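Here is a short briefing to read alongside the model. Have the sequence and the 3D view open, and let's walk through a few spots together.

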Amino acid sequence: MKETIAQVRSYPRSVQLLMVNQFTINLGFYMLMPYLAAHLSGTLALAGWIVGLVLGVRNFSQQGMFLVGGTLADRLGYKPMIIAGLMLRIVGFATLGLVDSVPALLAASAATGLAGALFNPAVRAYLAADAGERRVEAFALFNVFYQAGILLGPLVGMVLTGVDFRVTCLVSAGIFALLSIVQIHALPARRAGDVQATKAAGQRERVLSQWRGIVANRPFLLFSVAMIGSYVMQFQVYLALPLEVKRLGRDGEFGTVAVAVLFAVSGLTTILFQTKVTAWCKARMEPGRALTWGLLTMGVGFVPLLVPTVVTVPDGGVGLWLLAAAPPTLSALLLAVGTMIAYPFEMDTIVRLSGDQLVATHYGLYNTICGVGITLGNLLTGAALDAARTAGASALPWIALFTLGLVCAAALYGLHRTGRLAPPTVRAAKPAPITA
């Protein structure tokens, strides 16, 4: 921990604040969102489809507006978009706890999603710019703070929600309010030269023209599509793995504890080992190879889940508990390791493929592409889980996810071998086509 703190202190103040910023954002978000569905369906007695609509609106507004948020950050500066997103979260989270009408809940949910679309691309572009040549290591540290917020948030939310969900909402809104004040006064404005250059570029070039240029960046689009699988696989810590624990271990206190262990293993592993894994990988392999190994490790993470499909599952006792808890926990660990390997190089590759131009816009489009992929991937995973249950082929989802990991790893390896993940200066060495 002392080593991590020392590394954080070696970065400029802006980078340090952005890391604390992300921890606080995740703390406030995850202390509320895991308990929102229970509040809507329980306290407010809303129908299931309305609960799904409220939650879906948040995800849709965030994923659908990432590109707009990134574009605004490149044109107006990173700090204004970070502050705007934080302020919008204050309004959205406070409203979720104070209203009970469906239109107001939908508006609040949309506001919380839009907030994420505003500050997420800006934070990552700002971090990449100010970390400079050390941005791979900076994103490794960023992921430590990110995971720490995810780990602590639900624990704080559980205590507060035990009192009243409204208290959770207001405390979360208060956290974002305090964070906003700190960012307004302490976060340095983006370097004037970069902002002025961005504004000048914006005056010369229309937004749609910029978007067309990004869409024409074939290596970036291929990379974005290839990375969809990593997010689909990561998300199974929240979807398929908990369902598998409950399927094998039955519902009850054991299942709840085992699911909590999954989250703890994933978060603590990242907090303790992220910087060491990144340093090891950077010293031994190119970014493209690190990405390939990361996704391959994620895919292999689903192999332990095949064990219960080929052995006799005990009816009860310690044997059942071990079989229900050990394979999913090992899977969560391997998914965390794969993410630790890939994430810092993933964030760095986006910057390199953008050519250091319109970085926030590239992050925005990347998030949108991966967000759509997560939605489709989760639908297919859910369908595979249902089909496996109906057909008695319990190995089907895990084979499919393992195959997804192999395919995406192979795609990244192909991009790496053909030079499509190389820095722009390397790619520029090839003769460029003459255009009018």
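Let's begin at the surface: Leu-152, Leu-155 and Met-158 make up a nonpolar patch there, with a combined accessible area of about 280 Å². Please keep in mind that this is a predicted model. From the patch we move to the salt bridges, of which the whole structure has three, and then to helix 11, which has a kink of about 25 degrees.

**The nonpolar patch**

- Leu-152, one of the patch residues, sits in helix 7, which covers residues 135-163.
- Its relative accessibility is 35%, so Leu-152 counts as partly exposed.

**A salt-bridge network**

- Arg-135, Asp-348 and Arg-352 are joined in a network of salt bridges.
- In one of its pairs, the side chains of Arg-135 and Asp-348 come together with an N to O distance of 2.4 Å.
- That pair ties together distant parts of the chain, since Arg-135 belongs to helix 7 and Asp-348 to helix 16 (residues 317-354), 213 residues apart.
- Asp-348 also forms a salt bridge with Arg-352, where the closest N and O atoms are 2.9 Å apart.
- Asp-348 and Arg-352 are four residues apart in helix 16, so about one helical turn separates them.
- Buried means under 20% relative accessible area, so Arg-135 at 13% is buried, as are Asp-348 at 7% and Arg-352 at 11%.

**A salt bridge between helices 7 and 13**

- Glu-137 pairs with Lys-282 in a salt bridge, and their closest N and O atoms are 2.7 Å apart.
- This pair, too, links distant parts of the chain: Glu-137 lies in helix 7 and Lys-282 in helix 13 (residues 253-284), 145 residues apart.
- Glu-137 is partly exposed, with a relative accessible area of 26%, and Lys-282 is likewise partly exposed, at 38%.

**Helix 11**

- How far should the 18 residues of helix 11 span at 1.5 Å a residue? The expected span for residues 218-235 is 26 Å, and the end C-alpha atoms are 26 Å apart, which agrees.
- The kink in helix 11, about 25 degrees, is centred on Ala-226.
- Ala-226 is itself among the buried residues of this helix.
- Other buried residues of helix 11 include Pro-219, Phe-220, Phe-223, Ser-224, Met-227 and Ile-228.
- Further along, Gly-229, Ser-230, Tyr-231, Val-232 and Met-233 are buried as well.

Methods: Residues numbered from 1 in each chain as written. Predicted model: local features only at pLDDT ≥ 70, side-chain atom pairs only at ≥ 80, totals over all residues. Heavy atoms only, no water. Helix = DSSP H or I, 4+ residues; strand = E, 2+ residues; numbered from the N terminus. Expected span 1.5 Å × (residues − 1). Bend = angle between axes of the 7 residues up to and from the residue. Buried < 20%, exposed > 50% of the residue type's maximum accessible area, 1.4 Å probe, protein only. Patch = residues over 30% accessible without salt bridge, like charges linked within 9 Å, V, L, I, M, F, W, Y side chains within 5 Å. Areas by Shrake-Rupley, 256 points an atom, 1.4 Å probe, with all protein chains shown as cover. Salt bridge = Lys/Arg side-chain N within 4 Å of Asp/Glu carboxyl O.
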